Amino acid sequence: MTTIRCSWANPANPRYLDYHDTEWGVPCHDENRLFEMLNLEGAQAGLSWETILNKRDTYRIAFDNWDAEKIAFYGPDKVAELLSNAGIVRNKLKVAAAITNAQAYLRLRAEGGLLDQYLWAFVDGKPLCNRYTSDTRPATTELSDRISKDLAKRGFKFVGSTIVYAYMQGIGMVDDHDVACFRHGCK
């Protein structure tokens, strides 16, 4: 029996299939992973998610397991080290965005908030369930526009609406699995 997956899940890449089967569209409430995914989605801008996913383990090492308290205080030496690391996307703006995002995240926490509470409040704590095919799945929505603007207002970088919608999919705020996909959870 053949397992039917979303058309974007590359069957030649076991890491990508595992991501599709166990992470994408699955509600996430883990603060560290929420922060990691926000930054990885931003790093993906202009590239494929598969490229970033293949570099995720190196990103975790390079960015101190996405410890925002460490990242917020990265100085020029650490930035230079990151920009020489071939295991990540060596883009000055994207590296700077991770540092800025760590600072914005720490401000959110200082105000008594968590990414989990902040993000999931936009969907009343429940994933949105969509019925798309790969041909009809949008790149942005009115909700991703709203979240994008709010994140930017809070000082986050690389949080355009397309990035935010991909983020929402990745952390399970929306179930956008193809209707025929075995992971589609909408009834």
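**Helix packing, a cavity and a pocket**

Modeller: Let's start with helix 8 (residues 142–153) and helix 9 in this predicted model. Their axes come within 8 Å and cross at roughly 110°.

Colleague: Is helix 8 roughly parallel or roughly perpendicular to helix 9?

Modeller: The crossing angle is roughly 110°. Angles from 65 to 115 degrees count as roughly perpendicular. So helix 8 and helix 9 are roughly perpendicular.

Colleague: Which residues of helix 9 make that contact?

Modeller: On the helix 8 side, you'll find Leu143, Ser144, Asp145, Ile147, Ser148 and Leu151. By class, the contact has six nonpolar, three polar and one charged residues. The helix 9 partners are Ser161, Val164, Tyr165 and Met168.

Colleague: And the largest pocket: which helix gives the most to its lining?

Modeller: That pocket holds about 360 Å³ of space. Helix 1 (14–22), helix 2, helix 3 (49–62) and helix 9 (161–170) each give two or more residues to its lining. With five residues, the top contributor is helix 9.

Colleague: Which residues lie nearest the centre of the largest pocket?

Modeller: There are 17 lining residues to pick from. By class they split into 10 nonpolar, four polar and three charged. Nearest the centre lie Trp24, Gln44, Trp49, Ala166 and Gln169.

Colleague: Now for closed spaces. How much space lies in the largest cavity?

Modeller: The structure holds one cavity of 30 Å³ or more. Its lining has 12 nonpolar, three polar and two charged residues. The space inside is about 110 Å³.

Colleague: Which helices each supply at least two residues of that cavity's lining?

Modeller: Take a look at the residues closest to the cavity's centre: Asn39, Gly42, Ala43, Lys94 and Ala98. The stretches to match them against are 31–44 and 92–110. Those are helix 2 and helix 6.

Colleague: How do those two pack, roughly parallel or roughly antiparallel?

Modeller: Their axes are 10 Å apart, and the angle is about 150°. Anything over 145 degrees counts as roughly antiparallel. Therefore helix 2 is, relative to helix 6, roughly antiparallel.

Colleague: Is the crossing of helix 2 and helix 6 left-handed or right-handed?

Modeller: Here's who meets whom: Glu31, Phe35, Asn39, Gly42, Ala43 and Gln44 in helix 2 face Lys94, Ala97, Ala98, Asn101, Ala102 and Tyr105 in helix 6. That contact has six nonpolar, four polar and two charged residues. As for its hand, the crossing is right-handed.

Note on methods
Residues numbered from 1 in each chain as written. Predicted model: local features only at pLDDT ≥ 70, side-chain atom pairs only at ≥ 80, totals over all residues. Heavy atoms only, no water. 1 Å grid on protein atoms, 1.4 Å probe; cavity = no way out; pocket = protein on both sides within 12 Å on 5 of 7 lines; lining within 4 Å. Points joined across faces, edges and corners; volume = space filled by probe spheres on them. Helix = DSSP H or I, 4+ residues; strand = E, 2+ residues; numbered from the N terminus. Nonpolar A, V, L, I, M, F, W, Y, C, P; charged D, E, K, R; others polar. Axes fitted to C-alpha atoms, helices over the stretch in contact; angles between N-to-C directions. Parallel < 35°, antiparallel > 145°, perpendicular 65-115°, else oblique. Left-handed = near helix turned anticlockwise from the far one by under 90°. Contact = heavy atoms within 4.5 Å.
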